[in-house]
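User: Please explain how the descriptive terms applied to this model are justified. I should like each value set against its cut-off.

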Amino acid sequence: MASTGFNSGLDIGKSYYVATANAAPDHPALTGDVEADLVVVGGGCTGLSAALHAAERGLKVVLLEGGKIGWGASGRNGGQIIPGLRKGAKGLVKAFGPERAKALFDLAFEARGLVLDIIERHGIECDLRLTGHLVGAVNGSDMREFEEEAECLAKVMDFPHVEILSAAEARRMVDTPYLGASFETLGGHMHPLNYTLGLARAASAAGVTIHENSVAVRLEREPAIRLFTDKGSVRARHVVLAGDALLNGLEPRVNSRIMPIGNYIVATEPLGARNVIPSNAAVSDTLFVVNYYRMSADGRLLFGGGERYTPSPPADIAGFVRPHMEKTFPQLRGCRIDHAWGGLVSVTTSRLPHVGHYGEVYFAHGYSGKGVILSTLSGKLLAEAITGDASRLDLFSTLTPLPFPGGTALRGPLYVLGMLWYAMRDRLRH
Ligand SMILES: Cc1cc2nc3c(=O)[nH]c(=O)nc-3n(C[C@H](O)[C@H](O)[C@H](O)COP(=O)(O)OP(=O)(O)OC[C@H]3O[C@@H](n4cnc5c(N)ncnc54)[C@H](O)[C@@H]3O)c2cc1C
């Protein structure tokens with residue numbers, strides 16, 4: 001598959017997901033001037049879900065994707081299904097008080113049921129495995145934290161689905177020596193590109209017109225909304241900006257609240273009897289620069305590890321990730337790596353999503369590494385608001401993170417300094 005174009009950087013064309021993608025139609029670029037009720041920028045899960053749900057509510061929807069559908073974060077991530085928000089239950093209670101925290105948690109948890117329902121209703125083949133999500137403890141204080149978080153989840157959120165595992169119990173689930181683990185039984189994993197392509201198919205079937213290779217370069221708000229590409233334009237009553245880390249400049253008011261961070265993944269050769277995750281759970285650890293991994297449907301280890309805060313990617317992505325993988329699994333030293341690629345994670349200062357609207361300009365982004373299912377939910381909330389019920393979007397937009405210090409110009413250098421400090425602490429401890 002061709003790997004040039006707007007969202008084709010960081011070797012997405014060489015990813016395991018592109019190599020195993022289900023057949024999907026190409027969508028022609030936008031040409032000429034058209035009209036719609038809603039124009040959506042971005043063919044990832046946020047944009048496609050907003051488009052699907054708006055079309056199901058009777059709106060005429062045009063979606064513009066600058067490159068290929070699913071080649072943004074949605075089709076290149078770890079595929080880990082982790083219910084809830086990136087901020088834990090204790091953190092939510094501290095920030096919002098128990099009642100609001102529970103309302104936010106319940107809403108975020110809906111993402112899981114929504115995605116499962118979409119997969120079933122539209123017959124999306126995406127290697128869905130509901131095998132749980134395990135977080136392995138690497139720091140001495142982690143087990144106490146796990147206990148407190150599980151207690152808060154059970155008591156405040158009425159969520160009794162977390163088990164605390166001893167080192168020996170954790171080792172039976174994943175073959176690396178964690179100090180213990182927190183195991184959330186409702187998590188799992190899936191092939192994220194095939195899910196995203198399925199969502200696009202569902203949106204098309206609901207009447208959404210999709211244009212690929214159609215970069216939105218300018219947004220006019222007055223006298224009415226009009227979005228321009230280099231070959232055409234769309235006039236509409238509402239616009240959804242769902243470009244996440246790649247959206248730049250169309251709406252300056254959102255730019256200083258998200259920060260793109262390069263993150264990298266490898267897929268090993270099929271491991272056969274050397275499988276290192278007998279439980280088939282999705283796994284991550286408690287390092288600041290988190291390692292996250294899982295088995296693919298054909299028995300490869302898909303391992304994400306290592307972040308880079310400079311704009312340039314590593315020259316050799318496999319060589320960059322391999323040491324993280326071999327430190328976790330020395331038994332895989334020297335195994336073949338068949339695929340290596342990267343993506344941009346958009347993070348916020350609070351690690352909570354930035355969702356909301358300025359008049360008829362709606363947006364949702366900044367899931368901070370926890371957007372596989374939240375993006376689909378956010379798209380639905382945007383569609384609900386656009387079609388007349390903003391109550392749930394309003395609840396979600398109370399999560400609005402502070403801008404990065406230094407505004408758009410200085411957020412990069414200041415943030416990099418902070419991140420390098422925390423990453424160095426990881427290295428000193430281990
Ligand atoms: C390497 C990596 C691993 C991750 N692992 C996990 C994980 O295991 N679990 C988890 O929960 N989350 C994970 N995430 C986060 C998750 O993938 C994202 O939060 C989520 O996919 C965001 O979806 P989205 O639709 O908002 O953005 P995207 O999927 O990035 O879609 C945005 C789309 O907008 C398009 N676009 C941008 N600007 C324009 C424009 N001007 N005109 C036209 N089109 C435009 C882009 O080309 C892109 O296709 C990971 C992210 C990365 C990068």
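**Terms and their grounds**

Analyst: In this predicted model, Leu344 is part of strand S18.

User: Why is Leu344 called partly exposed?

Analyst: The relative accessibility of Leu344 is 31%. Buried requires under 20% and exposed over 50%, so Leu344, at 31%, counts as partly exposed.

User: What makes Leu344 eligible for a nonpolar surface patch?

Analyst: Patch residues must have over 30% relative accessible area, and Leu344 has 31%. Together with Phe6 and Leu246, Leu344 makes a nonpolar patch of about 230 Å².

User: Which element gives the most to the shell around the ligand?

Analyst: Strand S18 does, with 3 residues. Helix H2, spanning 45–56, and strand S18, spanning 337–347, each contribute at least two. The ligand is surrounded by 39 residues, and the closest include Thr46, Glu65 and Ala216. By class, the shell has 19 polar, 16 nonpolar and 4 charged residues.

User: How do you know that the backbone of Ala73 makes a polar contact with the ligand?

Analyst: A polar contact needs a pair of N or O atoms within 3.5 Å. A polar backbone atom of Ala73 is 2.9 Å from a ligand oxygen, so this pair meets the cut-off. A polar backbone atom of Gly78 is 3.0 Å from a ligand nitrogen, and a backbone N or O atom of Val372 is 2.9 Å from a ligand oxygen.

User: How much of the ligand's surface does the protein bury?

Analyst: The ligand taken alone exposes 1,000 Å², of which the protein buries 97%.

Technical notes: Residues numbered from 1 in each chain as written. Predicted model: local features only at pLDDT ≥ 70, side-chain atom pairs only at ≥ 80, totals over all residues. Heavy atoms only, no water. Near = heavy atom within 4 Å. Polar contact = N/O pair within 3.5 Å; in protein donor to acceptor, adjacent residues only side chain to side chain. Areas by Shrake-Rupley, 256 points an atom, 1.4 Å probe, with all protein chains shown as cover. Helix = DSSP H or I, 4+ residues; strand = E, 2+ residues; numbered from the N terminus. Nonpolar A, V, L, I, M, F, W, Y, C, P; charged D, E, K, R; others polar. Patch = residues over 30% accessible without salt bridge, like charges linked within 9 Å, V, L, I, M, F, W, Y side chains within 5 Å. Salt bridge = Lys/Arg side-chain N within 4 Å of Asp/Glu carboxyl O. Buried < 20%, exposed > 50% of the residue type's maximum accessible area, 1.4 Å probe, protein only.
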